[in-house]
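Colleague: I'm new to this one and keep tripping over the vocabulary. Could you show it to me and explain the terms as we go?

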Amino acid sequence: MSHSLRYLSTRKHAPAATLSGAIAAGLAPDGGLYVPERLPTLDPSDFDPRGSLADTAATLLAPFFAGDALASELPAICAEALDFAVPLRPLPYRDAQMLELFHGPTAAFKDVGARFLAACLRRLPRADDRPLTILVATSGDTGAAVGAAFHRQPGVRVAILYPDGLVSPRQAHQLGCFGGNVQALRVAGRFDDCQRMVKAALNDAELQRAVPLSSANSISLGRLLPQMSYYAHTALGFWRERGEPLDFLVPTGNLGNAMACLWVRAMGLPLGEVRLACNANATLPEFFAGHDYAPREAIATLANAMDVGAPSNFERLHWTFGDDAALRHTLHAESVDDATIRRTIALHASEHGETFCPHTATALHLLDRLRERSDDRPWAVVATAHPAKFEQVVEPLVGHAVAVPPALAAMLQRSASAEPMAADDEALKQWLRERN
């Protein structure tokens, strides 16, 4: 490991790992999240100005993969996973843009990380010939992306935990439509219960000996690292064209997407201010307003994929910036309630003929407020999901049906089912043992 980065736990009580080891494990043995011992630095001149998203990703991530068993496979992994568009398009505001991340197979930004992780795990040798079970907790979109990425992959099983009744009907259908090696579990609780159950299973050494496990949540480096690629690609393109950094408004729940954006900036690339748009779950906005960090039970909102009261990646955020004062100096977060989400969707439909999902609407509201305050910097709203996934919320507000992307339409044609489960750590562990 002398010529490569080591990967350490945010909790500092686990041995260093290789990148392959960190990706395979998902979570560090002490319950912490893996981080590189240092963030590499890069310059815009390191990147091919005519390169594709996959080319940008291969250059950006090369220092993280250097010396690792996966290093020689990185270009192929990027080409395989990042084969759909992430366009930056203008909005009807002066210097306002929208980064559309929903053109993948499940119509959400989670496709980027899930497909990359699956491509990595396919290439990692395993001494154990038993199936590897991928555990994923989802508040709406992650599970479908992971299910699609790993569906029919030999030697891998997927268990998707989601809060029963707290995802949209189309999201629930996506989660249960795969079959085969992908099983959906509808948990009688909230997303934070699902996330806690997954972490408890991954941290149970005895269970891990009986049932080989890994994670596909944003706690996994294999999910987080590729999400950096669309921020780098977009920021570099904007900087080359305009000669100034692009600022980002990021819808935020578990903090993985925002963490990827912040790491790109910390690596030295021309990316401007980052602001977090949260829903009514106010853990992060309250912290950045000066209160003690106080994780709590999540509440259900229209932007359900962001219904997180205890964001896991807060540990990585602290590792990156050091202390509360530095964090508060670096970031701003704002809560957007359901009534404001509805107003924002309806307003932009009537005034601009644009249709947005509830999550994207949280960031769009922050943009509206900035413009009202005469902030004329070049902001990009990050659009995290296609509005057709939330038709029961969106269509009454915009006054018309929302066209369904072909890949999503194909999923909705399949039959779907999910198995009920109590919001109990031992219930998941027992379920895993019985299916081993």
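Modeller: Sure, starting with one word: a residue is buried at under 20% relative accessible area, exposed at over 50% and partly exposed in between, using a 1.4 Å probe and protein chains only. This is a predicted model, where local features need pLDDT of at least 70, side-chain atom pairs count only at pLDDT 80 or more, and totals for chains, interfaces and linings use all residues. Numbering starts from 1 along each chain as its sequence is written, and side-chain values use heavy atoms, without hydrogens and water.

Colleague: What makes both faces of β9 covered?

Modeller: On one side sit L246, F248 and V250, on the other D247, L249 and P251, and all are buried. Each is therefore under 20% relative accessible area. β9 itself is a strand, a DSSP run of E with at least two residues, while helices are H or I runs of at least four, both numbered from the N terminus.

Colleague: Why are β9 and β10 called a pair?

Modeller: Pairing takes at least two DSSP bridges between two strands. β9 and β10 have 5 bridges, in the parallel sense, so they pass. One bridge links P251 to A277 in β10. β9 also runs parallel to β12, joined by 3 bridges, with F248 and A380 as partners.

Colleague: What makes the sheet mixed and open, and which strands are its edges?

Modeller: The order of its 6 strands is β3-β4-β12-β9-β10-β11, and the pairing is mixed. β3 and β4, for instance, are antiparallel over 3 bridges, unlike the parallel β9 and β10. The edges are β3 (88–90) and β11 (332–335), because each pairs on one side only.

Colleague: How do you know that α9 lies across the sheet?

Modeller: Contact means heavy atoms within 4.5 Å. Helix α9 (residues 221–242) lies across β3, β4, β9, β10 and β12, at about 150° to β9. That angle is between N-to-C directions on a scale from 0 to 180 degrees, with axes fitted to C-alpha atoms, for helices over the stretch in contact.

Colleague: What makes the β9, α10 and β10 unit right-handed?

Modeller: With the strands pointing away from you, the path from the first strand over the helix to the second runs clockwise. Here that path goes from β9 over α10 (residues 256–266) to β10, so the β-α-β unit earns the name.
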